[in-house]
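Visitor: I am new to this structure. Please walk me through it, and let me ask how you know each thing.

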Amino acid sequence: MSKGSLKDMALETLLVHGGHKPDPATRSLAVPIYQTATYGFDTVDEMNASWDRTGLVYSREGSPTVYALEEKLALLEGGEAALCASSGMGAICSALLSVLKRGEHLLCSEEVFSHTGVFVKEFLVDKMGVDVSYADFRDVENVMQNIRSNTAVLYTETPSNPSLGLVNIQAISRIAKENDCLFIVDSTFAPPPIQRPLELGADLVIHSLTKYINGHGDTLGGAIIGPKSIIENIHFPGMPCFTGACLSPFNAWLIMRGMMTLDMRIQRHCENALAIASFLEQHPLVDLVNYPALPSHPQYALCQSQMHGMGGGIVSFWLKKKIGGLELAEANKKLLDSTRLMTIATSLGEGCTLIQIEHSGMIRIAVGLENKDDLLRDLSQALDSLAG
Ligand SMILES: Cc1ncc(COP(=O)(O)O)c(C=O)c1O
């Protein structure tokens, strides 16, 4: 509970106190789960007043539990306002459908989460008539060269999924401002304390709350954070309301609870991931390791400045093209089948370490919160199995 402004407080304090006010009806200190579809009133005037004041008339349009999470998220990223959605994809689709018009140009990063890429291509381009082209956002010049007179939005992830390329948020923000475009950053792989895109000039930051922010692998969620004027337009007349991609009060509550430990969890994810990346880099069966906090990463310097030297919790790597009699695909499969602690699964940002093979043949480890020596032993015995 906090009686004053939290604006200038440190991250750990914001994570504990942000959005947590005693419930006005009961003084419950934990934010209650308002598990209701609708709200009842004694008079029409009361209903209209509630609509104007708080938007609390129907849960697809607003919920006090979700509002509390949105307040916490806005503090987390240093934005004026936040809007939650039922998943990261709900947030991405809501943002892009709301800020783009037919005939406007979206300049999209070449490497984005696969479903974001499919949505852009198959819905925005093929069905909605948005003009889309792609640029290598790691290269500031390449972004500049691809701006057109009708460019309305620049969209990227950093670090990107799954190759962990970094985008210089400050430099691209400058280009966006000079060209009167909106710059949207999906920062799912690097939540605070790693980076805060709005402070570096981005207009909107997006998170899949499913990942690190909730951190417990037990719910989906998404959020868009930024200036009040843009967030209000995405909210109404906007997307979570009309597509129904709104966050449920229970899921908002779980995410808020998970967020209290975000700072500590991120530190552990990063320590464990750096240990695994360093181990893999010196292993004779490994061809290439991507991890932004390794000095060998081509954008190591940007990781130091933009991400406070924290590489995040994802490590991706390539095995050698041929190991003994095994082709790459066979070796990948054998490696994953041989892990005992790491779980074969697609997601990231939770306690359990998850491992998967990408379509390209690269392996991605979403490093969890286990003891790092136990993880290293598991990986080491799985790699040993390839030689045998
Ligand atoms: C970078 C990134 N953004 C967005 C998403 C989508 O999130 P969700 O699964 O919550 O819809 C993902 C999912 O893996 C992701 O990796």
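Visitor: How many salt bridges does the rule find across the interface of domain 1 and domain 2?

Guide: Zero. A salt bridge needs a side-chain nitrogen of Lys or Arg within 4 Å of a carboxyl oxygen of Asp or Glu. Across this interface the rule finds none. Keep in mind that the model is predicted.

Visitor: What are the bounds of domain 1 and domain 2?

Guide: The domain assignment gives residues 11-259 to domain 1 and 262-387 to domain 2. Their C-alpha centres lie 28 Å apart.

Visitor: How do you know that domain 1 and domain 2 are in contact?

Guide: Contact means heavy atoms within 4.5 Å. By that rule, 35 residues of domain 1 are in contact with 31 residues of domain 2.

Visitor: What area do domain 1 and domain 2 bury between them?

Guide: About 2,500 Å², with 62% of it on carbon and sulfur atoms. On the domain 1 side, Leu166, Ile194 and Tyr212 lose the most area to domain 2. Together they make up 30% of what that side buries.

Visitor: Why is the largest nonpolar core said to lie between the domains?

Guide: Domain 1 and domain 2 both give residues to this core, so it lies between them. The core has 73 residues. Leu69, Leu73, Ile276, Leu280 and Leu319 have the most contacts inside it. Helix α11, residues 262-281, gives the most to this core, with nine residues.

Visitor: What does Leu69 touch?

Guide: Leaving out residues up to four places away in sequence, Leu69 touches Cys84, Leu209, Leu247, Ala252, Ile255, Met256 and Met259.

Visitor: Which residues does the second core include?

Guide: Ala85, Ile92, Cys93 and Leu106 are among them. This core is separate and has 30 residues.

Visitor: Why is Thr116 called buried?

Guide: Buried means under 20% relative accessible area. Thr116 has 0%, so the word applies. Thr116 is found in helix α5, residues 114-125. It touches Met89, Ile92, Tyr155 and Glu157, not counting residues up to four places away in sequence.

Visitor: Which residues of helix α8 are buried?

Guide: Ile230, Ile231 and Ile234 are the buried residues of this helix, which covers residues 228-235.

Visitor: What puts them on the same side of α8?

Guide: The arc they cover around the axis is only 95 degrees, and therefore they share one side of α8.

Methods. Residues numbered from 1 in each chain as written. Predicted model: local features only at pLDDT ≥ 70, side-chain atom pairs only at ≥ 80, totals over all residues. Heavy atoms only, no water. Buried < 20%, exposed > 50% of the residue type's maximum accessible area, 1.4 Å probe, protein only. Helix = DSSP H or I, 4+ residues; strand = E, 2+ residues; numbered from the N terminus. Arc of directions from axis to C-beta. Core = buried A, V, L, I, M, F, W, Y, C linked by side-chain atoms within 4.5 Å. Domains from an automatic or database assignment. Buried area = accessible area lost by both parts, 1.4 Å probe.
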